[in-house]
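User: Could you take a close look at one part of this model for me? I would like to follow a single helix and the stretches that border it.

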Amino acid sequence: MNTYDPGKNIKLSSYAARCIENEILMFFRSSKKSAQDISINEPIESDKDGNALTLMDVLASEDNICDNLECKIRAEQLYRFLAVALSPRERQVIELRYGLCNRLPLTQREVADQLHISRSYVSRIEKRALGLLRREFERGKRMQ
């Protein structure tokens, strides 16, 4: 728990599952002469029907590591695009509306009240900012 950072937009359950998996692997590796002596796919016991259970079966979680990694990469891109593609006002509206930077999401009316502008102006700023962010993401896809 000491190393978990909620600012990195990773679910605690995903982070904990990965840490536990790493700790188990480190334990097995430290008790063997080399890392090749243990495999996450090696049978470790049998279930009640006699089928082999592997370490991966025991550690398996519903979270897909690839999906989580993709989500983390997208979140990092989003924060980078917020900084470079948007004006300070646009960035502020998007952060408030979508609950970014450890904030709770606000309605357009709440953002308008907080910034002392009209709700329709918040809507226009939000629409423009989302368009700019979308273009940045599309530009990033073309460059890959």
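Here is a walk around one helix, from the whole fold to its neighbours.

Analyst: Happy to, and let us take helix α5, residues 108–115. A word on the ground rules: this is a predicted model, where local features need pLDDT of at least 70 and side-chain atom pairs count only at pLDDT 80 or more, while totals for chains, interfaces and linings use all residues. Residues are numbered from 1 along each chain as its sequence is written, and side-chain values use heavy atoms, with hydrogens and water left out.

The setting is a protein with 6 helices and 2 strands; helices (H or I, at least four residues) and strands (E, at least two) are DSSP runs, numbered from the N terminus. Along the sequence they come in the order α-β-β-α-α-α-α-α. Of the 144 residues, 26% are buried, where buried means under 20% relative accessible area, exposed over 50%, and partly exposed in between, with a 1.4 Å probe and protein chains only. Contacts, meaning heavy atoms within 4.5 Å, also reach along the chain: among those with a separation of 6 or more, 40% join residues 24 or more positions apart.

Now to α5 itself. Its buried residues are Q108, V111, A112 and L115. They sit on the same side of α5 because they cover an arc of only 100° around the axis, the arc being that of the directions from the helix axis to the C-beta atoms.

Two of these residues meet a partner from helix α4, which holds V93. V93 is buried, at 0% relative accessibility. Leaving aside residues up to four places away in sequence, V93 touches V111 and L115, and also V122, I125 and E126. V93 and A129 are 36 residues apart in sequence, with their C-alpha atoms 8.6 Å apart in space.

The loop that leads from α4 (88–98) into α5 includes C101, and N102 lies in this loop as well. Most residues other than glycine have a negative phi. C101, although not a glycine, has a positive phi of about 60°, and N102 likewise has a positive phi of about 60° without being a glycine. C101 is partly exposed, with a relative accessible area of 38%, whereas N102 counts as exposed at 68% relative accessibility. On the far side of the helix, H116 comes just after α5 and takes a positive phi of about 60°.

Since C101 is a cysteine, a look at disulfides fits here. Taking a disulfide as a pair of cysteine sulfur atoms within 2.5 Å, the count is 0. Elsewhere, C19 is partly exposed at a relative accessible area of 28%, and C71 is partly exposed at 45%.

A last stop is the aromatic side chains. R97 lies over the face of Y98, at 5.7 Å from the ring centre; a charge sits over a ring if NZ of Lys or CZ of Arg is within 6 Å of the ring centre and within 35 degrees of the ring normal. There is also 1 aromatic pair, counting rings of Phe, Tyr and Trp (its six-membered ring) whose centres lie within 6.5 Å, with planes under 30 degrees apart called stacked, over 60 edge-to-face and the rest tilted. The pair is F81 with F137, edge-to-face because the centres are 4.9 Å apart and the planes stand at 85°. F81 belongs to helix α3 (residues 65–85) and F137 to helix α6 (residues 119–143), so the pair ties together parts that are 56 residues apart in sequence. Both F81 and F137 are buried.
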